[in-house]
Amino acid sequence: MKLQNDLILRAARGESIERYPVWLMRQAGRILPEYRAVRSKLSGFKELVETPEFAAEVTIQPVDILDVDAAIIFSDILVVPEAMGLEYQMLEQKGPWFEKTIRDEQGLKYAETGFDVEDRLGYVLEAIRVTKKELNGRVPLIGFAGAPWTIFCYMVEGRGSKTFSESRKLLYTNPTLAHELLSRITEVTIQYLKAQVKAGADMLQLFDSWAGILGTEQYAEFGLKYLDKIASAITEVPLTIFSKGAISSVEAIAKLDCNTVGLDWNMDIVKIREQIGETRTLQGNLDPCALYASHADVELSTNKLLNSFKSRRHIVNLGHGVYPDIDPEKVKTFIKTVKSYEIKY
Ligand code: CP3
């Protein structure tokens, strides 16, 4: 199936584009009343994730309603630890919760590898196939996974945390165990991402949401090392690496075999472009809170971001996922502003 709009794929590869492509992290779910309508018919988040027809429906909603240049498959990064042996629950108002955690060698029995990924995560792959069919070539479909370090954090901690101190503790008290667990997550993630491509994903993104809680040296040892393995293994489609908060590691990330580096809003796009040159596409990085401002101010801050670009190698996005209480009309203003901006390069 030929894509009618492949702007984001061309931008990722550094090819010529007629305008900057735009999408939003966490665009599926969270902000749209249409999402909540589908969600309210079901028992909860997991039923939505595990029912391919519903997952496809909410994946396509932002394409229909917000007019973004890419869809991202509706799923969660936590499906990988679950497939490895740690079942999760999504608690209302609280977020993810795992009954079991991994804090010693015995816990490794909940970190299986060598199973059939296409079987255990078949529901995500089916959702990708259904979505591709229903998108009918309108825009590319982004597949994703959590980066090993971020998945490690949930497997060790068992829930969200501000500090992830149990996870960081393990790096000091049992680095051998930490490396074993990270290697296992990496192995399964590579198989999972490749299966997503086989099912129809046109590009892939790794979310390293907790990259910023590690110091530079530790991130190199426990984060980048495994991102490198994944980036080297993924050769089929463009890959984006988004390491939130890892300001001092951006240059190192840009040296990995990826197409695009995702930036959060603390990262200086002009400085980073100077550091890395034209070797990689940059994605981001409007502060998600900028969308709380008036429509006129959303337009101003979006244009300011666009004016900071010194080349065509950009994919426009927020610096992190869109917040749940943002007015979808503000998101539309953001997207329209990007789409009407005349590219200078
Ligand atoms: O981008 C998209 O819209 C596609 C779907 C998607 C979800 N989660 C759906 C979801 C994606 C790409 C994710 C990634 C994800 N999940 C990350 C990395 C990105 C980031 O924001 O840093 C992380 C850390 C998670 C783990 C997770 N899932 C948490 C902490 C929570 C609870 C808080 C929250 O974000 O809402 C979730 C739940 C979740 N995942 C929801 C959605 C739409 C809300 C569930 C609901 O409908 O009640």
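A polar contact here is a pair of N or O atoms within 3.5 Å. Keep that cut-off in mind for the close-ups below, which all come from a predicted model.

**View 1. His320, Asp76 and Ala28 each reach the ligand with an N or O atom.** Start with His320: one of its polar side-chain atoms lies 2.7 Å from an oxygen atom of the ligand, so the pair falls within the 3.5 Å cut-off for a polar contact. Asp76 also uses a polar side-chain atom, this time 2.7 Å from a nitrogen atom of the ligand. Ala28 joins in through its backbone, with an N or O atom 2.8 Å from a ligand oxygen. How much of the ligand does the protein bury? Taken alone, the ligand exposes 860 Å², and the protein buries 86% of that.

**View 2. A shell of 21 residues surrounds the ligand.** Look for Arg26, Arg30, Tyr35, Arg39 and Ser209, which are the closest of the shell. Which elements supply at least two residues each to this shell? They are helix α2, covering 33-40, and strand β3, covering 95-98. By type, the shell divides into 12 nonpolar residues, five polar ones and four charged ones.

**View 3. The ligand sits in the largest pocket.** Zoom out a little and the pocket itself comes into the picture, with about 1400 Å³ of space in it. There are 37 lining residues, and the closest to the pocket centre are Arg26, Arg30, Asp76, Met90 and Pro96. You've met some of these names already: Arg26 and Arg30 are among the residues closest to the ligand, and Asp76 has a polar side-chain atom 2.7 Å from a ligand nitrogen. At least two lining residues come from each of α2, β2 (88-91) and β3. Helix α2 gives the most, with three residues. The lining as a whole splits into 19 nonpolar, nine polar and nine charged residues.

**View 4. The second largest pocket has a volume of about 250 Å³.** Its lining runs through Trp265, Met267, Asp268, Ile269, Val270, Asn285, Leu286, Asp287, Ser301, Lys304, Leu305 and Ser308. Helix α13 (269-276), strand β8 (281-286) and helix α14 (295-307) each give two or more residues to that lining. Which of them gives the most? That's α14, with three residues. Six of the lining residues are nonpolar, three are polar and three are charged.

**View 5. A cis peptide bond leads from Gly284 into Asn285.** Its omega angle is near -15°. Asn285 lies in strand β8, and you've just seen Asn285 in the lining of the second largest pocket.

**View 6. Asp67 has a positive phi although it is not a glycine.** The angle is about 65°. Where does Asp67 lie? You'll find Asp67 in the loop that joins α4 (52-66) and β1 (71-72).

Technical notes: Residues numbered from 1 in each chain as written. Predicted model: local features only at pLDDT ≥ 70, side-chain atom pairs only at ≥ 80, totals over all residues. Heavy atoms only, no water. Near = heavy atom within 4 Å. Polar contact = N/O pair within 3.5 Å; in protein donor to acceptor, adjacent residues only side chain to side chain. Areas by Shrake-Rupley, 256 points an atom, 1.4 Å probe, with all protein chains shown as cover. 1 Å grid on protein atoms, 1.4 Å probe; cavity = no way out; pocket = protein on both sides within 12 Å on 5 of 7 lines; lining within 4 Å. Sits in = over half its atoms within 2 Å of the grid points. Helix = DSSP H or I, 4+ residues; strand = E, 2+ residues; numbered from the N terminus. Nonpolar A, V, L, I, M, F, W, Y, C, P; charged D, E, K, R; others polar. Points joined across faces, edges and corners; volume = space filled by probe spheres on them.
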